[in-house]
Amino acid sequence: MRVVRNVRLWFAPEAVRAEGSTPDYRFSLANERTFLAWLRTALALIGGGFAVDQFLPDLPRPWRAGLALALLAAGVVCALRAVDHWVRCERAMRRGEDLPASRFPAVLSLVIAVVAVTMVVVVLAGWAG
Amino acid sequence: MSGAHGPGAGGTAGRDESADGTAGRDDGADGTGGKGVGPPRDPGLQPERTRLAWRRTALSGTVAAVLGARTALHDGTTPAGLTVCALCCSCWLGLMLLARARTRRLGSSAVPPALAPRAATAAALCTVALAVCAAALVV
């Protein structure tokens, strides 16, 4: 799998720097900021998981745990994918290739939309019941 | 939760700010040249913006860690709760140290070196560890 191959690069600065030429440092910094933005997204999702667990005490336990775990899993995937994407962008810039395309933003939006709709339905059902 | 997302920089999707602010002037186009005093200052303030992005990330990490500590100690100070609380605090500390080291590095020279993959991985792993703590608390 591509991700598994890239994991080696996560820990190896010399492997990333071995190929291609160093790009303009401003591009590297922009890539770093994008990485940090994704990391913040992951942290926000994890905070959302904590919040669902803590601040919806009236919710039945299976629902609460399910929603919280869905948010936490999204946070984990988001954080790991942030490193992966950062490494691949860095390498593509060094090699002078196109930046990697990704369908992750679309998938993440769909997951968040599903969680949000579920939350609305669950809260409304809680009021009605 | 997403209060730390500033509108100015670092939206959550894509390379939204790849080269803006840098297109206006080529290096050396200013009259001073700056040969003797190092490279001219970047008008796009990229190192400063990156530093602020680290600050925002550290702030987001603080919020998540505080929520985690709150959850861990919610049912009294049990040994398990204290352990998870300590883990959350160490994740937070890890993020803080990484952010501090990187912000210092960014401020130390006009042309800062690229982020080391190990630092990026460490930051992501701190985040993942926080999520694992949260999952342990929820289940």
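This section describes the fold of chain A and its contact with chain B in a predicted model.

Chain A is built from helices: five are present, together with zero strands. Read from the N terminus, the order of elements is accordingly α-α-α-α-α. The overall form of the chain departs from that of a compact globule. For 129 residues, such a globule would have a radius of gyration near 14 Å, whereas the value computed for chain A is 19 Å. Along the principal axes, the C-alpha atoms of chain A occupy a box of roughly 65 × 25 × 20 Å. Buried positions make up 39% of the 129 residues of chain A. Among contacts in chain A with a separation of 6 or more, 70% join residues that are 24 or more positions apart.

Helix H3 of chain A, which covers residues 25-55, was examined in further detail. H3(A) comprises 31 residues and extends 44 Å from its first C-alpha to its last, close to the 45 Å expected at 1.5 Å a residue. Most of H3(A) is covered, with 27 of its 31 residues buried. One packing partner of H3(A) is H4(A); the axes of the two helices lie 7 Å apart and form an angle of about 175°. Because angles over 145 degrees count as roughly antiparallel, H3(A) and H4(A) are assigned to that class. The contact of H3(A) with H4(A) contains 19 nonpolar, six polar and three charged residues.

The contact between the chains draws 48 residues from chain A and 52 residues from chain B. On the side of chain A that touches chain B, two or more residues are given by each of helix H1 (2-10), helix H2 (13-17), helix H3 (25-55) and helix H4 (61-95). Of the elements on this side, H3(A) gives the most, with 28 residues. By class, the side of chain A that touches chain B is made up of 34 nonpolar, nine polar and five charged residues. H3(A) thus appears both in the packing with H4(A) and in the contact with chain B.

In chain B, helix H1 spans residues 46-72. At 1.5 Å a residue, the 27 residues of this helix should span 39 Å, and the end C-alpha atoms of H1(B) are indeed 39 Å apart, so the expected and computed lengths agree. H1(B) is also mostly covered, 20 of its 27 residues being buried.

How values were computed. Residues are numbered from 1 along each chain as its sequence is written. Chains are lettered from A and ligands numbered from 1 in the order in which they are written. This is a predicted model: local features need pLDDT of at least 70, side-chain atom pairs count only at pLDDT 80 or more; totals for chains, interfaces and linings use all residues. Two residues are in contact if their C-beta atoms, placed from the backbone, lie within 7 Å. Helices (H or I, at least four residues) and strands (E, at least two) are DSSP runs, numbered from the N terminus. Ala, Val, Leu, Ile, Met, Phe, Trp, Tyr, Cys and Pro count as nonpolar, Asp, Glu, Lys and Arg as charged, and the others, Gly among them, as polar. The expected span of a helix is 1.5 Å times one less than its number of residues. A residue is buried if 20 or more other C-beta atoms lie within 10 Å of its own, exposed if 12 or fewer, and partly exposed in between; C-beta atoms are placed from the backbone. The radius of gyration is taken over C-alpha atoms; the globule rule is 2.2 Å times the number of residues to the power 0.38. Axes are lines fitted to C-alpha atoms, for helices over the stretch in contact, and angles run from 0 to 180 degrees between N-to-C directions. Angles under 35 degrees count as roughly parallel, over 145 as roughly antiparallel, 65 to 115 as roughly perpendicular and the rest as oblique.
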